[in-house]
Amino acid sequence: MRYISTRGQAPARDFSGVLLAGLAEDGGLYVPETFPSLSREDLRAMRGLPYAEVAARVMHLFTGTSVPFATLQRLCREAYAGFGHSAVAPLVQLDSGLWVQELFHGPTLAFKDMAMQLLGRLFEHVLAEQGAHVTIVGATSGDTGSAAIEAFAGRDRVNIVILHPEGRTSAVQRRQMTTVHAPNVGNIALAGTFDDCQDLVKAMFADVPFRQELHLSAVNSINWGRIAAQVPYYIYAALALGAPEREVAFSVPTGNFGNVLAAWVARRIGLPVARLVVGSNRNDILARFLDGNDMSIQGVEPSLSPSMDIQVSSNFERLLFELLDRDTAATARTMTDFRQSGRMAVPDAAWHRARTLFHGFRLDDTQTLAEIRRLRAATGYVAEPHSMIGIAGGAAHPAGHGVPMVAMATAHPAKFPDAMEQATGTRPLLPARLGDLYERIERFSRAPNDLAAVETLVRATVLRNAA
Ligand SMILES: *Cc1c(COP(=O)(O)O)cnc(C)c1O
């Protein structure tokens, strides 16, 4: 199984290589050189299997010879054993043709755990094989940082340091990062914004001596390992609802186009998917593209669904590459122009092709709060803002009679208590296993918005762990 860059100027790598590399050297994203495929027989054989087994079979298509199948089965069993629901990613029916798939039963209550719990174990396995060590650095506005820390805490051969903007993440999100006490974890509260945090991470990667000294690595949403690990739950849901004999549709609240890209990959390898609804909040670049081929960057506005407050959807490049018939030169040119002009010129034919499968949907904060109330009154189901956008998008764009629509619920309501209180008047309770989050001791360092100061703190984490 080999992976190539969407921009055609980076070396091809195997799964282990793309897992550790993240971004390709030419600025492109790694994609399979040829997609694997699942036959209808393969799909039928997975019906009724536990989630971890479905995950192992699907991941095996992408890991190739990098990870033996028996190892993959063990890693998947371990990754999902700690989830708060024995079905791992259960389905809940809301209406005759509408289901929710709950992806938030992992340790940090957001769907990032679905991929990150497996990624932590895959990193450890691959690094042990290679006798290597890495330092993962990342910036977070909330969910990614906590899921990554939870997944990598205490693992051999990995140090992880996460920057968050001081005072700008929710208390739940911050505490999920700062109350994990392991020698290989560093938390930095930066005097600055999320963009400052991201710029500092980029600057650390650009500091070549520092990058080489600490063997920097990243687990942001463009890492192919994360996309691959998000494919199994689409297959798991579809099988439960009658695939491959029956087509299914998915509605996905997305910002970086990562989760919905995984749904596209599931279809690409053989799952019968009739429609994909792409949900946005007021930061609606994806909806504007799908409605009118308008992929133009506007300012990011804060919303009640902060994990989707994104204007440049980094994973879109992978779909663009396919829409352009895998033309690496055209992909590179389109992306470079986009960065310069703030507007992406997608040829009309490619745009029309995208619209045969994808439907855009947007919901602003006022509408989202109203929908949360309406859904709760009608069904008793309580959805937080990100999930609500997915559910409302699915209800608004059904794929046709007899095609089940599955909306992805990406976070537990207790992760966004302020928004839930605004919508419903009550603050949801944390699940029992997290109930003492507010009593736990927090540990983090503060840093000014300065590269040298942050690099010193990253190095200190690595040295402390080595001692
Ligand atoms: C990260 C996140 C999203 C968006 O995921 P993409 O990778 O951008 O598709 C949606 N909802 C929640 C709760 C998230 O944490």
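In which loop is Arg326 found? Arg326 sits in the loop between helix H13 (316-323) and helix H14 (328-341). The model is predicted.

**Backbone outliers**

Most residues other than glycine have a negative phi, and most peptide bonds are trans. Three places in this chain deserve a look on that score.

Start with Arg326. Its phi is positive, about 60 degrees, although Arg326 is not a glycine. At 25% relative accessibility, Arg326 counts as partly exposed. The cut-off for buried is under 20%, so Arg326 does not qualify as buried.

Phe257 also has a positive phi, about 65 degrees, and is not a glycine. Phe257 lies in the loop between E9 and helix H11 (258-268). Phe257 is buried: its relative accessible area is 3%. That value falls under the 20% cut-off, which means Phe257 is classed as buried.

The remaining case is a peptide bond. Ala243 and Pro244 are joined in cis, with omega about 0 degrees. Pro244 belongs to the loop between helix H10 (224-240) and strand E9 (248-253).

**The ligand site**

How many residues surround the ligand? The count is 15, and the closest are Lys112, Asp143, Thr254, Asn256 and Thr410. By class, the shell divides into five nonpolar, eight polar and two charged residues.

Polar atoms of Lys112, Thr254 and Asn256 approach oxygen atoms of the ligand as follows.

| Residue | Protein atom | Distance to a ligand oxygen |
|---|---|---|
| Lys112 | side-chain N or O | 2.6 Å |
| Thr254 | polar side-chain atom | 2.5 Å |
| Asn256 | polar backbone atom | 2.6 Å |

Taken alone, the ligand exposes 380 Å², and the protein buries 97% of that area. Lys112 and Thr254 make their approach through side chains. Asn256 uses a backbone atom.

**Thr461 and its partners**

Thr461 is found in helix H19, which spans residues 451-466. Is Thr461 buried or exposed? Thr461 is buried, with a relative accessible area of 6%. That is under the 20% cut-off, so the label follows.

Which residues does Thr461 contact, leaving aside its neighbours within four places in sequence? The contacts are Asn159, Val161, Pro183, Asn184, Val185 and Gly186. Gly186 gives a long-range pairing along the chain: Thr461 and Gly186 are 275 residues apart in sequence, yet their C-alpha atoms are separated by 5.9 Å.

Methods
Residues are numbered from 1 along each chain as its sequence is written. This is a predicted model: local features need pLDDT of at least 70, side-chain atom pairs count only at pLDDT 80 or more; totals for chains, interfaces and linings use all residues. Side-chain values use heavy atoms; hydrogens and water are left out. A residue is near a molecule or strand if one of its heavy atoms lies within 4 Å of it. A polar contact is a pair of N or O atoms within 3.5 Å; within protein, one must be able to donate a hydrogen and the other to accept it, and residues adjacent in sequence count only if both atoms are side-chain atoms. Accessible areas come from the Shrake-Rupley method with a 1.4 Å probe; for residues, only the protein chains shown count as cover. Ala, Val, Leu, Ile, Met, Phe, Trp, Tyr, Cys and Pro count as nonpolar, Asp, Glu, Lys and Arg as charged, and the others, Gly among them, as polar. Helices (H or I, at least four residues) and strands (E, at least two) are DSSP runs, numbered from the N terminus. Buried means under 20% relative accessible area, exposed over 50%, partly exposed in between (1.4 Å probe, protein chains only). Contact means heavy atoms within 4.5 Å.
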